[in-house]
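Take a look at the model below. The text after it goes from the whole chain to single sites.

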Amino acid sequence: MESRMLSGATIRGVALPPKPETRVSGVCDFTASSLNAKIEGIGHLAMRRQITPPAVLLATLKPIAAASSEIRNRKITTCFAADSSPAESSDSAGAKVGFLQKYPALVTGFFFFMWYFLNVIFNIINKKIYNYFPYPYFVSAIHLFVGVVYCLISWAFGLPKRAPIDSNLLKLLIPVAVCHAIGHITSNVSFAAVAVSFTHTIKALEPFFNAAASQFVLGQQIPFTLWLSLAPVVIGVSMASLTELSFNWTGFISAMISNISFTYRSIYSKKAMTDLDSTNLYAYISIIALIVCIPPAAIVEGPQLLKVGFNDAIAKVGLKKFVTDLLLVGLFYHLYNQLATNTLERVAPLTHAVGNVLKRVFVIGFSIIIFGNKISLQTGIGTCIAIAGVAMYSLIKAKIEEEKRQLKST
């Protein structure tokens, strides 16, 4: 008689069922060795009792089945517990979260910083160009032209993928783009005529025109608190205008027309709500606005540009700097507008409203420092009052809009 009844996969020449597969896991520690020990013990029992092969087989299969069932139960319980382990889930989730998702506040802060930075740089370069090349119609067209080229290149590389446009959408976007073009041209006429800080002070009246258009054109009731918050804006702009050293009617009226144009742009934008993403929407508006800007530039400034405009600019700063300045100012114009839209998508309207007010403060402050504009005490006080009024208006309006959204959601 053999001294070992269990050897490999046989007991006295009788084949045993295959061993259950062992799941490899760092937490499932019930392995095949435990089963081997059970089966080997059964084999020794058979050797001591001289059980015949059929009896050995029957005696062996029952404990094996029980042992296999126990293994399965223990594996399922242990491994499911391991799969739902908080620590393991946390580690796997942490591995999937990137830097941008882990620190969203830093990303949003970067968007605000770049929005302010690009806006300040645009205003500085723009005003420097007007100091040696006072042709705002042509420069306005260049702003949009460079932006359109940027969009076309981005579309070519699929960043982003160009969204299709049809005749119905085009009809909705044309009024928005026309108002955008008129507002852009008149803003630049004002920038060329007066100090940058004064133009931005006048443009602080834009909320007043928005409120007036909403109530008297769209028929929307404007709360009394909003009208009350606009009083400091009107008073502040009036104070600043009366003693502004660079004041002239061309700059003042152009800035006011710009306010009206951008107000109607907002009205038409609400009517032209589409499913386009902000990048594609702004690209299409820029293309249409460029087409609108070219004829006035050619008619109003074309002859003068061909006679002396280009030659004088090249003589003052050189061809390379002249072309570089035009390309840079157009690029910064497009990028700061695009970043303003992208920032709005990342934050609540209230945060964006406050950010827009602070942006105007940055632009006014940096323009005074960079260009050394001398302002009277009354102009400084009036500008501060106007900006404070815009801040109050933006905060109140954002809270009202938030309350409306909450009522709709409930």
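What follows moves from overall content to helix packing, then to the surface and two local details.

This is a predicted model. The protein holds 15 helices and 3 strands. Of its 410 residues, 41% are buried. Contacts reach far along the sequence: among those with a separation of 6 or more, 85% join residues 24 or more positions apart. The accessible surface is about 22300 Å². Carbon and sulfur atoms own 67% of that surface.

Start with a covered helix. Helix α9 spans residues 206-216, and 8 of its 11 residues are buried. Which residues of α9 are buried? They begin with Glu206 and Pro207. Phe209, Asn210, Ala211, Ala212, Ala213 and Ser214 complete the set. What do these buried residues pack against? Their partners are α8 (196-203), α10 (224-242), α11 (249-271) and α15 (377-409).

Now turn to a helix pair. Helix α5 covers residues 104-132 and helix α6 covers residues 136-156. They pack at an angle of about 145°, and their axes lie 11 Å apart. The crossing of α5 and α6 is right-handed. On the α5 side, Phe122, Asn126, Ile129 and Tyr130 make the contact. On the α6 side, Pro136, Val139 and His143 do so. An α-helix has 3.6 residues a turn, so residues three or four places apart point the same way.

The loop between α6 and α7 (167-193) contains Pro160. The peptide bond joining Leu159 and Pro160 is cis, with omega about 0°.

Next comes the surface. Val354, Leu358, Phe362, Phe366, Ile369, Ile370 and Leu395 make a nonpolar patch of about 600 Å². Where does the largest share of this patch come from? Helix α14 (residues 349-371) supplies it, with 6 residues. Val354 is found in α14. Is Val354 partly exposed or buried? Its relative accessibility is 34%, so Val354 counts as partly exposed.

The last stop is Leu242, in helix α10. This residue counts as exposed because its relative accessibility is 71%; the cut-off for exposed is over 50%. Leu242 and Gly382 are 140 residues apart along the chain. Their C-alpha atoms are separated by 9.5 Å.

Methods:
Residues are numbered from 1 along each chain as its sequence is written. This is a predicted model: local features need pLDDT of at least 70, side-chain atom pairs count only at pLDDT 80 or more; totals for chains, interfaces and linings use all residues. Side-chain values use heavy atoms; hydrogens and water are left out. Buried means under 20% relative accessible area, exposed over 50%, partly exposed in between (1.4 Å probe, protein chains only). Helices (H or I, at least four residues) and strands (E, at least two) are DSSP runs, numbered from the N terminus. Contact means heavy atoms within 4.5 Å. Patches are made of residues with over 30% relative accessible area and no salt bridge: like charges are joined within 9 Å, nonpolar side chains (Val, Leu, Ile, Met, Phe, Trp, Tyr) within 5 Å. Accessible areas come from the Shrake-Rupley method with a 1.4 Å probe; for residues, only the protein chains shown count as cover. A salt bridge is a side-chain nitrogen of Lys or Arg within 4 Å of a carboxyl oxygen of Asp or Glu. Axes are lines fitted to C-alpha atoms, for helices over the stretch in contact, and angles run from 0 to 180 degrees between N-to-C directions. A crossing is left-handed if the near helix is turned anticlockwise from the far one by less than a right angle, and right-handed if clockwise.
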